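Welcome, and please take a moment to look over the sequence and the model before reading on. We will walk through it together, one part at a time.

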Amino acid sequence: MHRQHWSVLVVAGLAACGSPEREDVADLIIDHGRVYSFSWDDPAVDGTPAAGAPHAASGWRPDAEAVVVKGEDVVFVGSSAEAGRYRGKGTRVMDVHGATVLPGLIDSHTHVLELGKLEVQVNLIGVATEKEAIERVVDGAKDVPDGEWILARGWDEGAWASHYPTWDLLSETFPDNPVLMDSLHSFAVWGNKKAFEAAGITKDTPDPNGGEILRDASGDPTGVVLNRAGRLLRDAVPETTDAQFRELVAAGLKRMAEDGYVSVHEAGVDTCFMDALEALESEGELPIRVYAMLSARDGALCRKWLERGPVRDNERMLITRSVKAYYDGALGSRGARLLEDYSDRPGHKGVAGCDYGFDMELVAEMMRSGFQVAVHAIGDAGNRETLDFLASVIESDPETRALRHRIEHAQVVHPDDFSRFSELNVIASMEPAHSVEDKTWAEDRLGPERVKGAYAWRTLRKAGARLAFNSDLIGSDHDIFYGLHSAITRRDKHENPPGGWYPEQVMTAEEAIRGYTIWGAYAGGLENEMGTLEPGKWADITIVDIDPLVVGSTEPEKLFEGHIVATLVGGKVLYQRE
Ligand SMILES: [Zn+2]
């Protein structure tokens, strides 16, 4: 495995001469790093670094070499020589040999339960053939006892649509366990005979509305069910126990720690999920910090929190003071609400608001009770109507403006609405990767004019809006180097289009990193605790093996060569690469 006990790189207990005062002795010194504290001011809205930034005509240079940690906090950031003064008996030193030390990364919009499922279940992403898929299951399910369900997910039903697999080889390989193989986009489920038996699907089972059971000439099922027939198989899997649910959540969070993140903002937590998070927190088992957004679709949970009130204590691993609401659908499937018709479907504007389950009264009540509201809005009408809604609550209760509400995605914004983000103190919470993933069809949906207001990070910044960057995993890859590359280049993983897609919207390397650090911290009301490396802040630190400021500014295609070296939360090393 890639993990290694961190003491290997640690030299313990070397007493320096001129030992410091007892209360000044560090627990940990991260030394010989290219440390960027990000303690200087934000860049101008056009991306020009602030006067105090460690940036000159020659480019970026680190503003420190060492970070000193005591307990869970940073106590000093500066030169190695000065950091040495904190060294005493018991101080552990982590020599990072010139790696780049950044404020801990924050993914401010995630779905870690789904990530946990990918971790715990057999991951089939990228399999090319039926045989390869089954080999992966054989490999991944070695420890599953006979009779128990084996779960896998990720085979690409789109790519396999002309030659769906059957249950033959799968049933032969797994005669004693029901096996369920969910597809990448969940439109197809593949199972073995045992699974179909457990689900009671036979020759006599009719195809459900909007679904299909694939069959042979005699009408017998052959191992794959499509679309809404998927639930016939999925419902046969025993319900997740509380312990399993906790395990999934913990697995997703642990994976995020390995991928360099010190915190996630979980976008839509329901009752079961919240129970798992609270249990993990009380057992001290939350690996990284979680900023939980309650799902507005779970009215009972929201009402419970209305009584309880938002968490104001920032000294916690789990902070709940935000609500995730959903205003419209997605652009790709033409569910996002547009002001004018879709360019590629006349007469259609998408769905929104009450039709989409947006409970205005509940959300307004949450705002008035001190909760931040994070509203999913994609289309230009979706964004405008969400801004209208926020404005109306703010008008009647002006103190709610200070809660830093957010629009999640803010994907297509009408030119008249950009300035309203800053007027209403609303954060645009956006996914750099979406711009490069959607570029092939976004213009079809929107046409050449409206697309200029899509994924418009620069326009938003120039209009005074605050941004936060995130992945919206598992829909997009949360790899930080991919996120930074998307933000800095607006090119995909194959560097297309070479000039960038609507390149006037690109971010600088500094802005991109801020989007995943201090701006994410601000979006969670935690900018005094995290997001930069400064004395008094939490020792939440991400160490990487390339300098993303230098590489991102000069050869951004090389960002993909970067790796996470270590992740620390509250001074504790959660992950360290070999
Ligand atoms: Zn999401």
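Leu331 is a good place to begin: leaving aside residues up to four places away in sequence, Leu331 touches Ala336, Tyr342, Ile378, Gln411, Val412, Trp441, Ala442, Arg445, Leu446 and Tyr455. Keep in mind as you look that this is a predicted model.

Now step back to the setting of that residue. Leu331 belongs to the largest nonpolar core, which has 113 residues. Along with Val249, Leu277, Phe421 and Leu467, Leu331 is among the residues with the most contacts inside this core. In soluble globular proteins, nonpolar side chains tend to be buried together.

Which helix gives the most to this core? The answer is helix H7, residues 242-258, which contributes seven residues. Several residues of H7 are buried, including Phe245, Leu248, Val249, Leu253 and Met256. Glu258 of H7 is buried too. You can also check the length of this helix: at 1.5 Å a residue, the 17 residues of H7 should span 24 Å, and the end C-alpha atoms are 24 Å apart, so the two values agree. After H7 comes Gly260, whose phi is positive, near 100°.

Let us turn to the strands. Six of them form an open sheet with mixed pairing, in the order S11-S12-S13-S14-S16-S15. At the edges lie strand S11 (122-123) and strand S15 (211-215), each pairing on one side only. S11 runs parallel to strand S12 (residues 150-155), and two bridges join them. To find this pairing, look for Val122, whose bridge partner in S12 is Ala152.

How values were computed: Residues numbered from 1 in each chain as written. Predicted model: local features only at pLDDT ≥ 70, side-chain atom pairs only at ≥ 80, totals over all residues. Heavy atoms only, no water. Pairing = 2+ DSSP bridges. Helix = DSSP H or I, 4+ residues; strand = E, 2+ residues; numbered from the N terminus. Core = buried A, V, L, I, M, F, W, Y, C linked by side-chain atoms within 4.5 Å. Buried < 20%, exposed > 50% of the residue type's maximum accessible area, 1.4 Å probe, protein only. Contact = heavy atoms within 4.5 Å. Expected span 1.5 Å × (residues − 1).
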